[in-house]
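Biologist: Can you pull up the model so we can talk through its helices and pockets?

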Amino acid sequence: MPIGPSRMPLMDHLGELRMRLVRIVVVLIIGMVFFYFGAPTITQFLFEPIKQYMELDASGNVKLITLGAFEAFGVRLKVALWTAFVACAPFIIWQILAFFLPALKPRERRWFLPTFFVGVALFFFGAIFCYLIILNPAFEFLTGQAEGFATIAAQAELWIDIILKFELGFGVAFELPLVVFYLTVFEIIPYVKLRESWRVIYVVLLVISAMITPDASPVTMGLMFAAMITLYELSLLMARLVLGKRIAEQKAELEEQARADEEWEKEWAEIKARRAAKKAEEEDEDE
């Protein structure tokens, strides 16, 4: 994919941005048209992990209901659009990166290809993890809340919407290792600080887990929280392996700074003690 020159007039930059946005829109439209005809099959695939909690027809397919005359058309468009977005994610991410790459220094550009491949892989891994591990226990808990007082009718738009939000939330959450890695690589936050502040970070991850999960169930939030803690610890381990020498230097600097602060506090305490003693002597002389 061609990358523009680093120096261009403003209108040329806007022209390049428009060109890349047009490419993204065209690819999404083509993908949406292609996947629109396969939307029923894709829908059944999305419901595969939770079929046991839903009513099935004679063919073993999930029974869904629509409440409006145009709802079925809207549901097919939504499924087709999200499927196209996921399938075209590598192309979309590359177009975005290719627009910003000219503004970076050559030393910084070398990080973007690994970032591209790792970011795409983490997103898909998060979506697959949600599909295989999360959906079943999440819907077991949610559908179980209706036991004894209500019958659940699977409205197509609502159920598909929540499944897609689950997939998107976990795909985004699994980008956490990249964030932590670059915080340490570019020394925005030293590794030692991240390691020492684990209690605060765990609380922040718990809050993020509650915000990302589309339902309010403790089961889903707990699974998301456990996954994010695991990813956070793995990202710190990766940073320690890759940046071992730098981390050792950061630790030595922090220890040296702590010693200097301790010596300064001790010296300041001695100064205050001498001042207090001198003041007491002056008061005694005045008396």
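Modeller: Here we go through helix packing and then the pockets, bearing in mind that this is a predicted model.

Biologist: Let's start with α6 and α11. At what angle do their axes cross?

Modeller: Helix α6 covers residues 112-144 and helix α11 covers residues 218-242; their axes cross at roughly 150° and come within 8 Å. That angle is over 145 degrees, so α6 counts as roughly antiparallel to α11.

Biologist: And which hand is the crossing of α6 with α11?

Modeller: Right-handed, as α6 passes α11.

Biologist: Which residues make that contact?

Modeller: From α6 you have F129, I134, P137, A138 and F141, and from α11 there are P218, V219, T220, L223 and A227. By class, nine of the residues in the contact are nonpolar, one is polar and none is charged.

Biologist: Ok, switching partners. How do α4 and α6 pack?

Modeller: α4 is the helix at residues 89-100, and its axis lies 11 Å from that of α6, at an angle of about 145°. Here too the crossing is right-handed.

Biologist: What meets what between α4 and α6?

Modeller: On the α4 side it's A89, P90, I93, W94 and L97, and they meet F112, L113, F116, V120 and F124 in α6. The class count for this contact is 10 nonpolar, with no polar and no charged residues.

Biologist: Then α7. What's the angle between α6 and α7?

Modeller: Roughly 135°, with the axes coming within 8 Å. The two helices are therefore oblique to each other. α6 passes α7 in a right-handed crossing, and the contact has 18 nonpolar, three polar and one charged residues.

Biologist: New topic, since I may want to dock something. What's the volume of the largest pocket?

Modeller: About 430 Å³. The lining of that pocket has 16 residues, and those nearest its centre are F45, L46, V86, A127 and E167.

Biologist: Which helices supply the lining of the largest pocket?

Modeller: α2 (39-46), α3 (71-87), α6 and α7 (156-173) each supply at least two residues.

Biologist: And how does the lining of the largest pocket split by class?

Modeller: There are 14 nonpolar residues in it, plus one polar and one charged.

Biologist: How about the second largest pocket, what volume does that have?

Modeller: That one comes out at about 270 Å³. It's lined by 14 residues, with V118, L122, P177, L178 and M238 nearest the centre.

Biologist: Which elements give two or more residues to the lining of the second largest pocket?

Modeller: α6, α8 (176-185) and α11.

Biologist: Which of them gives the most to that lining?

Modeller: α6 does, with five residues.

Biologist: And the classes for the second largest pocket's lining? What's the count of charged residues there?

Modeller: No charged residues there; the lining divides into 12 nonpolar and two polar.

Biologist: So where does α6 turn up in all this?

Modeller: In the pockets, α6 supplies at least two residues of the largest pocket's lining and is among the elements lining the second largest one. In the packing, α6 meets α11, α4 and α7.

Definitions and conventions:
Residues are numbered from 1 along each chain as its sequence is written. This is a predicted model: local features need pLDDT of at least 70, side-chain atom pairs count only at pLDDT 80 or more; totals for chains, interfaces and linings use all residues. Side-chain values use heavy atoms; hydrogens and water are left out. Axes are lines fitted to C-alpha atoms, for helices over the stretch in contact, and angles run from 0 to 180 degrees between N-to-C directions. Helices (H or I, at least four residues) and strands (E, at least two) are DSSP runs, numbered from the N terminus. Angles under 35 degrees count as roughly parallel, over 145 as roughly antiparallel, 65 to 115 as roughly perpendicular and the rest as oblique. A crossing is left-handed if the near helix is turned anticlockwise from the far one by less than a right angle, and right-handed if clockwise. Contact means heavy atoms within 4.5 Å. Ala, Val, Leu, Ile, Met, Phe, Trp, Tyr, Cys and Pro count as nonpolar, Asp, Glu, Lys and Arg as charged, and the others, Gly among them, as polar. On a 1 Å grid over the protein atoms alone, a cavity is a set of points where a 1.4 Å probe fits but cannot get out, and a pocket is an open set with protein on both sides within 12 Å along at least five of seven lines; lining residues have an atom within 4 Å of a point. Grid points are joined across faces, edges and corners, and a volume is the space filled by probe spheres set on the points.
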